[in-house]
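Visitor: I'm new to this structure. Could you pick out one part and take me through it closely?

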Amino acid sequence: MGRQALTGSSDTATVAVRPHAGRAFGFGVPIGTLGGLIGLGGAEFRLPVLTGVFGYPPRSAVALNLAISLITVSAALTVRTVTLDLTPVVALLPVAAAIALGAVASAYLGVGWVHRVPEVQLRRTILVLLLAIGVGLILEAFAPGEATGLLPEPGPTTLLVAVVCGLAIGLISSLLGVAGGEVIIPTLLFVFGADIVAAGTASLLISLPTVAVGVARHTRRAAFADRVDRRRMIAPMGAGSVLGAIIGGLLVGLAPQDAIKLVLGVILIASALRVFRH
């Protein structure tokens, strides 16, 4: 047991479990595997673990989660660049750039809000967002496999809607410390009619600058000043998450996607209520 971390100006204090590299790696692998099975990085499942298992206050957990997300997104984008044909993504680039523009702007502002808001309000906001993502996973399990999209044709209106979607995505990223794939991919599919493979790659292209801006903002606020956190939590859990994502990707064909999303949605809702409801 180690340090005490104050959770806000007028809130209670939380005793954080001193991070252990092996334990962080051990949690990172299954979380990354779960995310890999449904094409995500697993950050939405990491946040309850960082707070509920390791005892980080939500504000610190969000910053750590974002740093780990940067590792996983960078690794995933590198793998896709090497192994996949990026030609289908070219048509999505204008929409992806517009979403990224909005996401980067709101992520920049969102990190400032995370550091100013009282801990109780931040905890409630996290709970609502995690519950929404959990419900979204459950609904997605029953959604049709293909979507025509509401705005499949490029144009000024499409790009304006993309920027607005990006604003919401960047805010979610900054408040939860996630890459945002759980929101970006459905948006590209159901709003812009993207192909699922192209949407996955475009999601990473959008997430990388969004997460990088968030990490830079947290760094300026000394969120990663503790070397122990960097060495024993961020690096090993990031490595475990990358390994798990690779394992999950290899197992995708062996497991029913819809059933996995349904189960993970229920798990996320249950864990969010357990950790953040107080």
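Guide: Here is a walk from the whole chain to the packing of two helices, and then on to a few single spots.

A word on the source: this is a predicted model, so local features need pLDDT of at least 70 and side-chain atom pairs count only at pLDDT 80 or more, while totals for chains, interfaces and linings use all residues. Residues are numbered from 1 along each chain as its sequence is written, and side-chain values use heavy atoms, with hydrogens and water left out.

The chain has 11 helices and two strands; these are DSSP runs numbered from the N terminus, with helices (H or I) of at least four residues and strands (E) of at least two. Starting at the N terminus, the order is β-β-α-α-α-α-α-α-α-α-α-α-α. Of its 278 residues, 48% count as buried, where buried means under 20% relative accessible area, exposed over 50% and partly exposed in between, using a 1.4 Å probe and protein chains only.

Now for the close look. Two packed helices are described by the angle between their axes and the distance between the axes. For helix H3 (residues 58–83) and helix H6 (residues 119–141), the angle is about 50 degrees and the axes are 9 Å apart. Those axes are lines fitted to C-alpha atoms over the stretch in contact, and angles run from 0 to 180 degrees between N-to-C directions. H3 and H6 are therefore oblique to each other: under 35 degrees would be roughly parallel, over 145 roughly antiparallel, 65 to 115 roughly perpendicular, and the rest is oblique.

Who meets whom? On the H3 side you'll find Pro58, Arg59 and Val62, and they meet Glu119, Leu122, Arg123 and Ile126 of H6; contact here means heavy atoms within 4.5 Å. That contact divides into four nonpolar residues, three charged ones and no polar ones. Nonpolar covers Ala, Val, Leu, Ile, Met, Phe, Trp, Tyr, Cys and Pro, charged covers Asp, Glu, Lys and Arg, and the others, Gly among them, are polar.

H3 also leads us on to Ser207, a residue of helix H9. Ser207 touches Val73, Ala179, Gly181 and Ile184, leaving aside residues up to four places away in sequence. With 1% relative accessibility, Ser207 counts as buried, and a polar atom of its side chain lies 2.8 Å from the backbone oxygen of Ala179.

Last stop: Ala222, in the loop between H9 (196–220) and H10 (227–251). Most residues other than glycine have a negative phi. Ala222 has a positive one, near 65 degrees.

Note on methods:
A polar contact is a pair of N or O atoms within 3.5 Å; within protein, one must be able to donate a hydrogen and the other to accept it, and residues adjacent in sequence count only if both atoms are side-chain atoms.
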